[in-house]
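Work through the exercises below with the sequence and coordinates open. Each task is followed by a stepwise solution.

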Amino acid sequence: MFAGSNRLTIDDKGRLAVPARLRAQLADEYGKQLTVTLGPECIEVYPAPVFRKMAEQIPKIADRAKRMLVQRLFLGNAVESEIDGQGRIVVPALLRDMKALGSDVVLVGAFDHFELWSYAQWQDNNAQGQQSYADAFAALAVP
């Protein structure tokens with residue numbers, strides 16, 4: 001499970017250094033292959049096997065309009081990336097532009113994948129979320 005958040009920098013070539021502890025966890029559980037794609041709110045980064053499982057669900061979406069939208073945006077913007085020797089992945093310029101990512105970003109663990117947010121958008125999202133967090137947290141049934 002991926003959890004926690006890391007404030008990072010995307011360099012001028014679009015490379016993001018994945019923190020060492022996350023690289024080790026990825027390598028142990030999934031390998032070095034990742035898929036970077038467009039999510040509803042941010043850029044999402046999936047280990048290749050998790051991305052494949054998600055992609056396999058798309059044809060099962062009964063509503064054609066929803067299926068085509070997810071296919072075009074989730075699959076159509078997906079780019080495979082491999083963690084390089086320096087522990088970096090490339091975040092494509094098209095995706096960075098679509099989500100207004102500059103160099104100051106936050107990589108957030110989201111259970112089986114990561115979310116990549118601009119630092120400013122992450123701060124805004126957290127501030128807005130505080131208003132309904134207590135109610136959402138109450139839905140978490142912990143024995």
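Two strands pair if DSSP finds at least two bridges between them; helices (H or I, at least four residues) and strands (E, at least two) are DSSP runs, numbered from the N terminus. The model is predicted: local features need pLDDT of at least 70, side-chain atom pairs count only at pLDDT 80 or more, and totals for chains, interfaces and linings use all residues. Residues are numbered from 1 along each chain as its sequence is written, and side-chain values use heavy atoms, with hydrogens and water left out.

**Exercise 1.** Determine how many bridges join β3 to β4, then place both strands in their sheet.

Step 1. Strands β3 (residues 33–38) and β4 (residues 43–47) run antiparallel and are joined by five bridges. Within them, V36 stands opposite V45 in β4.

Step 2. The open sheet has six strands in the order β1-β7-β8-β4-β3-β5, with antiparallel pairing. Because β1 (5–9) and β5 (79–82) stand at the edges with a single partner strand each, one side of each is left without a neighbour in the sheet. From one strand to the next, the twist averages 30°.

Step 3. Helix α5 packs on the sheet, touching β1, β7 (104–109) and β8 (114–118); contact means heavy atoms within 4.5 Å. The direction of α5 makes about 105° with that of β8. Axes are lines fitted to C-alpha atoms, for helices over the stretch in contact, and angles run from 0 to 180 degrees between N-to-C directions.

**Exercise 2.** Find which side chain meets D104 in a salt bridge, and where the partners lie.

Step 1. Apply the criterion: a side-chain nitrogen of Lys or Arg within 4 Å of a carboxyl oxygen of Asp or Glu. The structure holds three salt bridges.

Step 2. The side chain of D104 meets that of R7 at 2.7 Å, N to O. D104 is in strand β7 and R7 in strand β1, 97 residues apart, linking distant parts of the chain.
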